[in-house]
Amino acid sequence: MIAVGLVALGLLAHDPKVRKTARWLAPVLGDYDRGIRRAARRRGNRWLRDCNLIPTRPNEVLIPGVSAPPKHVNYSCWLRYPAGHREGHLELRDLPLKGITTENLRRLYADSLGLLHAADFEVTRPNPQKYPNRWLVRLFASDRLSTLASPSVLDRLPNVSIETGHVAVTVGRTLNGVRHVDLSGISGMTIAGQPGAGKTAGVNVLVAGLASRPDLVSLYIADGKGGSDWAWCSPYVTRYTNNDNFDDILAMLHEVRDLMRTRLRSNVAEHGDSNFWHWEPTFNDCAVAVILDEIQNWITPAVKTKETKEKSEEFIAPVIDIVKKGRSAGITLIAMTQKPTTDALPSVLCDNAALKVAFRCSTPEMAKSALGSLPDGSSSPTAIDFVQKGMSVMTMDSGMAEYVQWDYLPESDIPALLDAVR
């Protein structure tokens, strides 16, 4: 009777762990929970064997570099499906696998989604330092990327949040919510991807949001293609050029670098702090964004002469200087390119760019050039279909990357919307 009373008290306790333990000890509820757990473990171990992670022949190697354990063992693997739902999760705990990586497992899950009765999955490692052999895989009944298959078409300017230490624009959606680009956290940003993938249309949203606050944001835009893609913005920015030679762009960069140097010298004396973002932006000291579209045309000019080589070197110097030092001066440089290679985007520029975005990339080499080395399990721009305009992979503060579907704001609508709010 005392034991029954303690169990009853446990079931009424506020602490979830206490309630779970009490339920486990209860005569009927405990039997039910243990049966559910045993069934989940049977499903998990069946999956291990059905997907051939566990070898069926002696000394068989199923994953290069990974030594598999004996076949007839009941492993710490649970495959759970919530009642009435196909979505569930697969927990792999302390598997005796040597050499396994998240990327190995991602390929395994992708190949065995049919066995899991799922259409998509997400891999996480709850605590890789403490539990190096533990993974958690969430299973989904539908392909999550299908929910981001097309951009949201805006009929208004994007949301812009500006306060001390932040200038953030809502640019699109991720699998977990909306995505912002915050200038305060970055002095350099790279945007790469194949032609026609939606780079310019996506960045239009960012630029339109920044241009809606001319009291607090100053914009410099240069179009290296020499076309009219950015002509709509010329009335709304501090400086604009679509001249693809070096004269205008060099004048623009020298102006921005001079402003940066002035701020870096005067910040402490005037504000008592070296970091612009600790007190700004204000009307008198705006945040600054410099957008260089098709930057490769200045870094590797098509016509190679002694003069263009010298001009190219003169161009690269302030670009690198701004990306390295601009954050404390409230200045962000955004470099866009169709060609994310080291000759088009110098490694020092990529290394110092805190935020990287890659639209569709045709090869893993192109994706790596655009995003750098990412941990196993990160999203990849090579998985983006060409018809998915505006879909990209964007780096995160965690070091991983996530899919971002950029919103779409028709270029023809932007001037009227800006005129209405400025």
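Colleague: On a 1 Å grid over the protein atoms alone, a pocket is an open set of points where a 1.4 Å probe fits, with protein on both sides within 12 Å along at least five of seven lines, and its lining residues have an atom within 4 Å of a point. Which residues lie nearest the centre of the second largest pocket?

Modeller: This is a predicted model, in which local features need pLDDT of at least 70 and side-chain atom pairs count only at pLDDT 80 or more, while totals for chains, interfaces and linings use all residues. Residues are numbered from 1 along each chain as its sequence is written, and side-chain values use heavy atoms, with hydrogens and water left out. The lining of this pocket is made by 20 residues, and helix 4 (102-111) and helix 11 (364-371) are the elements that each give two or more of them. Those nearest the centre are Glu103, Pro375, Ser378, Ser379 and Ser380.

Colleague: How many residues of that lining are charged?

Modeller: Asp, Glu, Lys and Arg count as charged, Ala, Val, Leu, Ile, Met, Phe, Trp, Tyr, Cys and Pro as nonpolar, and the others, Gly among them, as polar. In the lining of the second largest pocket, 8 residues are nonpolar and 7 are polar, while the number of charged ones is 5.

Colleague: How many helices and strands are there in the chain?

Modeller: Both kinds of element are DSSP runs numbered from the N terminus, a helix being H or I over at least four residues and a strand being E over at least two. Counted in this way, the chain has 12 helices and 15 strands.

Colleague: Is asparagine 45 buried or exposed?

Modeller: Asparagine 45 sits in helix 3 (residues 27-50), where it touches Val73, Asn74, Tyr75 and Cys77, leaving out residues up to four places away in sequence (contact means heavy atoms within 4.5 Å). A residue is buried under 20% relative accessible area, exposed over 50% and partly exposed in between, judged with a 1.4 Å probe and protein chains only. Because its relative accessibility is 5%, asparagine 45 counts as buried.

Colleague: What percentage of the 422 residues in the chain is buried?

Modeller: Threonine 395, in strand 14 (residues 391-395), is one buried residue, with a relative accessibility of 10%, and its contacts beyond four places in sequence include Arg179, Ala354 and Met400. Across the 422 residues of the chain, the buried share is 46%.

Colleague: Which residue, together with aspartate 229, forms a salt bridge with N and O atoms 3.2 Å apart?

Modeller: A salt bridge is a side-chain nitrogen of Lys or Arg within 4 Å of a carboxyl oxygen of Asp or Glu, and the whole structure holds 10 of them. Aspartate 229 is partly exposed, at 30% relative accessible area, and its partner is partly exposed too, at 33%. That partner is lysine 225.

Colleague: How many residues apart are lysine 225 and aspartate 293?

Modeller: These two side chains also meet in a salt bridge, at 2.9 Å from N to O. Aspartate 293 is buried, because its relative accessible area is 0%. The pair links distant parts of the chain, since lysine 225 lies in the loop between strand 9 (217-223) and strand 10 (239-241), whereas aspartate 293 lies in strand 11 (residues 287-293), and their separation in sequence is 68 residues.

Colleague: Which helix holds both aspartate 321 and lysine 325?

Modeller: The two residues form a salt bridge whose closest N and O atoms are 3.1 Å apart. Aspartate 321 counts as buried at 11% relative accessibility, while lysine 325 is partly exposed at 43%. They are 4 residues apart, about one turn of the helix, and both lie in helix 9.

Colleague: How far apart in space are phenylalanine 121 and glycine 88, C-alpha to C-alpha?

Modeller: Phenylalanine 121 lies in strand 3 (residues 120-124) and counts as buried because its relative accessibility is 9%. Its contacts beyond four places in sequence include Arg106, Tyr109 and Phe140. Although glycine 88 is 33 residues away in sequence, the distance between the C-alpha atoms is 9.6 Å.

Colleague: What is the phi of glutamate 294?

Modeller: Most residues other than glycine have a negative phi. Glutamate 294, in the loop between strand 11 and helix 8 (296-299), counts as buried at 3% relative accessibility. Although glutamate 294 is not a glycine, its phi is positive, at about 55°.
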